[in-house]
Each structure stands twice: as structure tokens, then as C-alpha cells.
Amino acid sequence: RAYLAAVLEDGDSSLIAAALGDIARAHGASLFAKETGLSRETIYKALRPGGNPTLETLSKAIKVLGLKLVLAPAD
């Protein structure tokens with residue numbers, strides 16, 4: 001969570017996708033794919049440096065990690 005929070009704080013969408021990809025691979029890509037309902041190909045394409053995941057892909061990945069997307073005021 002700390003890794004992902006740090007990347008989100010930076011706000012670089014490419015880094016966010018790459019961080020989620022790192023987490024997915026550490027979790028086990030096949031298991032992560034099964035839990036999200038996404039194909040391994042989708043995970044590898046979207047969650048890599050320079051990847052461009054859809055909001056649906058991000059939402060599913062975040063949910064599998066036991067997290068949720070929320071809005072907060074920018075300081």
C-alpha cells in the first residue's frame with residue numbers, strides 16, 4: 001500500500017500503471033487475472049510503464065488489492 005500511495009502522490013499515470021503491474025506480478029499474474037476477471041494479456045498490456053489502463057481495469061485491480069478509489073482535495 002505504501003508503494004502504491006507514493007506513486008499515486010507523484011501523479012504520473014505511467015508510474016501508476018507500472019506500480020500496479022509490479023503488484024500484479026508479485027501477487028501472481030494468473031491469480032491476479034482470475035481475481036480481477038481480466039485476461040493476463042490485458043494486465044500485462046495495461047499495467048506496464050507507458051500502459052494506459054481503463055478506469056474499469058484500474059477499479060478491478062484496486063478492488064483485488066482490498067483498496068478503493070476515493071477523491072480528496074488537492075493541497
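**Helix packing and a pocket**

User: Are α1 and α2 roughly parallel or antiparallel to each other?

Analyst: α1 and α2 are roughly antiparallel to each other. Keep in mind that this is a predicted model.

User: What angle do α1 and α2 pack at, and how far apart are their axes?

Analyst: The angle is about 170°. The axes of α1 and α2 are 9 Å apart. Angles over 145 degrees count as roughly antiparallel, so this pair earns the label.

User: Which residues in α1 and α2 meet?

Analyst: From α1, they are Tyr 3, Leu 4, Val 7, Leu 8 and Asp 10. From α2, they are Leu 15, Ile 16, Ala 19, Leu 20, Asp 22 and Ile 23.

User: And by class, what does that contact of α1 with α2 have?

Analyst: Nine nonpolar residues and two charged ones. There are no polar residues in the contact of α1 with α2.

User: Let me zoom out. How many helices and strands does the protein chain have?

Analyst: Five helices and zero strands. Read along the sequence, the pattern is α-α-α-α-α.

User: What does the C-alpha trace span along its principal axes?

Analyst: About 40 × 25 × 20 Å.

User: What radius of gyration does the protein chain have, and what would a compact globule have?

Analyst: The chain has 12 Å. A compact globule with 75 residues would have a radius of gyration near 11 Å, so the two agree.

User: Back to helices. At what angle do α2 and α3 pack?

Analyst: About 105°, with the axes of α2 and α3 5 Å apart. That makes α2 roughly perpendicular to α3.

User: Which residues of these two meet?

Analyst: Ala 24, Arg 25 and His 27 in α2 meet four residues in α3: Ala 29, Leu 31, Phe 32 and Glu 35. By class, the contact of α2 with α3 has four nonpolar, one polar and two charged residues.

User: What about α3 and α5, at roughly what angle do their axes cross?

Analyst: Roughly 110°. Helix α3 covers residues 29-36, and its axis comes within 9 Å of that of α5. α3 and α5 are therefore roughly perpendicular to each other.

User: Which residues make the contact?

Analyst: Phe 32, Glu 35 and Thr 36 of α3, with Lys 60, Ala 61 and Val 64 of α5. They divide into three nonpolar, one polar and two charged.

User: New topic. How much space lies in the largest pocket?

Analyst: About 530 Å³. The pocket is lined by 20 residues, and the closest to its centre are Leu 8, Ile 16, Ile 62, Leu 69 and Val 70.

User: Which helices each supply at least two residues of that lining?

Analyst: α1 (2-10), α2 (13-27) and α5 (55-64). The largest share comes from α2, with five residues.

User: How do the residues of the lining divide into nonpolar, polar and charged?

Analyst: The lining of the largest pocket has 14 nonpolar, four polar and two charged residues.

How values were computed. Residues numbered from 1 in each chain as written. Predicted model: local features only at pLDDT ≥ 70, side-chain atom pairs only at ≥ 80, totals over all residues. Heavy atoms only, no water. 1 Å grid on protein atoms, 1.4 Å probe; cavity = no way out; pocket = protein on both sides within 12 Å on 5 of 7 lines; lining within 4 Å. Points joined across faces, edges and corners; volume = space filled by probe spheres on them. Nonpolar A, V, L, I, M, F, W, Y, C, P; charged D, E, K, R; others polar. Axes fitted to C-alpha atoms, helices over the stretch in contact; angles between N-to-C directions. Parallel < 35°, antiparallel > 145°, perpendicular 65-115°, else oblique. Contact = heavy atoms within 4.5 Å. Rg over C-alpha atoms; globule rule 2.2 N^0.38 Å.
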